[in-house]
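Here are some exercises to work through with the model open in your viewer. Try each task before you read its solution.

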Amino acid sequence: MSANNAFHIAVLAGDGIGPEVMAPALEVLRKVGEKSGLGFRFTEAPAGANNYLATGKSMPDSTIKLCEEADAILLGACGLPSVRYPDNTEIAPQIELRFIFDLYAGVRPARLIPGVPSPIVGADARGIDLVVIRESTEGLFASMGKGVVTHEDARETMVITRRTSERLFEFSFRLAERRRARGKPGMLTCVDKANVFKAFAFFRGIFDQIEKKHPEVKTDRLYVDACSAMLVKRPWDFDVMVMENMFGDIVSDITASLIGGLGMAPSADIGDKYAVFQPCHGTAPDIMGQGKANPTGMILSAAMMLDWLADKHGLESAAEAGETIERAVDQVYADGIRPMEFGGSNGTADITKAVLAAL
């Protein structure tokens, strides 16, 4: 934390609806900061497809330096479908930041909020409250920009290392322990394809070794196909799941769909020193500037940021502030707020106003 006792937050609003959902999150942080005695200093910086169009880079060096110096990074949705690198891949500073700052743990919570519709029969009564932990720097994504394409075939290489896997599993076990202390099951499931690929057998073997250091955590092991089938039948049976990068990319979209969609889903990419907090949804250029964007995922990402800052700095008031935001979001949905993706009429301004009032 900086000398003036305020958390310095790097704010990268991004593209499309990114700036539209970032503004409400900052309003919510200011409001909860006033109530909890927390200070925030926000510094905005460019990143994304629009910056690439203007400069030829997804992020200037000054943005990366700001992120390095800040206490945490808030990132809006980035990239536009129509803007591509020469190899036809999208502009994705969110992925680049994971590699720059070694953000190996992608944390994707999926909690069904009261009043939010789920496609799973019984979810409203049983509840859904789980976390997908996606390794974010290796796996199949380690091949990003390095694949080999010829006229006859295309090849990408998956990479799983012992060092990153050990840190990932230690992080996952600690999160399961923290959830257990808060009254959750505290069970950790390793999701892989160890019955087919040597790399995943290696991955599971490291999980088995780290498990011995955390005997109080219940564990399970599932193949990713079986896990996916179980998620759409009995998602309430899961607590914390940890998996390789590409599997996590896919499974976290499944779990977001179980709780109302990507607009409701927060996320974080966390390393040993740095962390980025960003909603799971994309830039949605089709609704940009129309006031329709749902800011809930961004607001809940800000709440995740407070919980991480609390854990990092031993500041309980920050954790309480994060929980206050979550309770406010729960209240407004239970009271009947309905975003447009649910067939309702409430846009960005309505949802923001309601959450601020609930605080």
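## Exercise 1: a helix over the sheet

Find the strands that helix 10 lies across.

Solution. Helix 10 (residues 296-313) lies across strand 1 (6-12), strand 2, strand 3 (72-75), strand 4, strand 11 (268-270) and strand 12 (275-277), and it runs at about 170 degrees to strand 3. Contact here means heavy atoms within 4.5 Å. Axes are lines fitted to C-alpha atoms, for helices over the stretch in contact, and angles run from 0 to 180 degrees between N-to-C directions. Helices (H or I, at least four residues) and strands (E, at least two) are DSSP runs, numbered from the N terminus.

A word on the source: this is a predicted model, where local features need pLDDT of at least 70 and side-chain atom pairs count only at pLDDT 80 or more, while totals for chains, interfaces and linings use all residues. Residues are numbered from 1 along each chain as its sequence is written, and side-chain values use heavy atoms, with hydrogens and water left out.

## Exercise 2: the sheet

Work out the strand order, then follow the pairing of strands 3 and 5.

Solution. Start with the whole sheet: it is open, has 10 strands in the order 2-1-3-12-11-4-5-10-8-9, and its pairing is mixed. Two strands pair if DSSP finds at least two bridges between them. Strand 2 (39-44) and strand 9 are the edges, each pairing on one side only. From one strand to the next, the twist averages 25 degrees.

Now take strand 3. Strand 1 pairs with strand 3 in the parallel sense over 4 bridges, with Ile 9 opposite Ala 72. Strand 12 also pairs with strand 3 in the parallel sense, over 2 bridges, and there Leu 74 stands opposite Phe 277.

Which way do the side chains go? In a regular strand they alternate between the two faces of the sheet. In strand 3, Ala 72 and Leu 74 point one way, Ile 73 and Leu 75 point the other way, and all are buried. Buried means under 20% relative accessible area, exposed over 50%, and partly exposed in between (1.4 Å probe, protein chains only).

Finish with strand 5. Strand 4 (residues 105-111) pairs with strand 5 in the antiparallel sense over 7 bridges; Ala 110 is partnered by Leu 130, and Gly 106 by Arg 134. Strand 10 runs parallel to strand 5, joined by 4 bridges, and Val 132 has Met 241 as its bridge partner. Because 6 of its 7 residues are buried, strand 5 is largely enclosed by the rest of the structure.

## Exercise 3: two helices

Describe how helix 1 packs with helix 12.

Solution. Two packed helices are described by the angle between their axes and the distance between the axes. For helix 1 (residues 18-36) and helix 12 (residues 348-358), the axes come within 10 Å and cross at roughly 10 degrees. That makes helix 1 roughly parallel to helix 12. The cut-offs are under 35 degrees for roughly parallel, over 145 for roughly antiparallel, 65 to 115 for roughly perpendicular, and oblique for the rest.

Next, list the residues. Helix 1 brings Glu 20, Pro 24, Glu 27, Val 28 and Lys 31, and helix 12 brings Thr 348, Thr 352, Val 355 and Leu 356. Sorted by class, this contact has 4 nonpolar, 2 polar and 3 charged residues. Ala, Val, Leu, Ile, Met, Phe, Trp, Tyr, Cys and Pro count as nonpolar, Asp, Glu, Lys and Arg as charged, and the others, Gly among them, as polar.

## Exercise 4: a buried face

Pick out the buried residues of helix 8 and see what covers them.

Solution. Val 224, Cys 227 and Leu 231 are buried in helix 8 (residues 224-231). Down the helix 8 axis, its buried residues fall within an arc of 55 degrees, so they line one face; the arc is that of the directions from the helix axis to the C-beta atoms. The cover includes strand 5 (129-135), strand 8 (187-192), strand 9 (218-223), strand 10 (240-243) and helix 9 (245-258).

## Exercise 5: positive phi

Place Asp 102 and Ala 284, and check their phi values.

Solution. Most residues other than glycine have a negative phi. Asp 102, in the loop between helix 4 (93-100) and strand 4, has a positive phi near 55 degrees. Ala 284, in the loop between strand 12 and helix 10, has a positive phi near 40 degrees.
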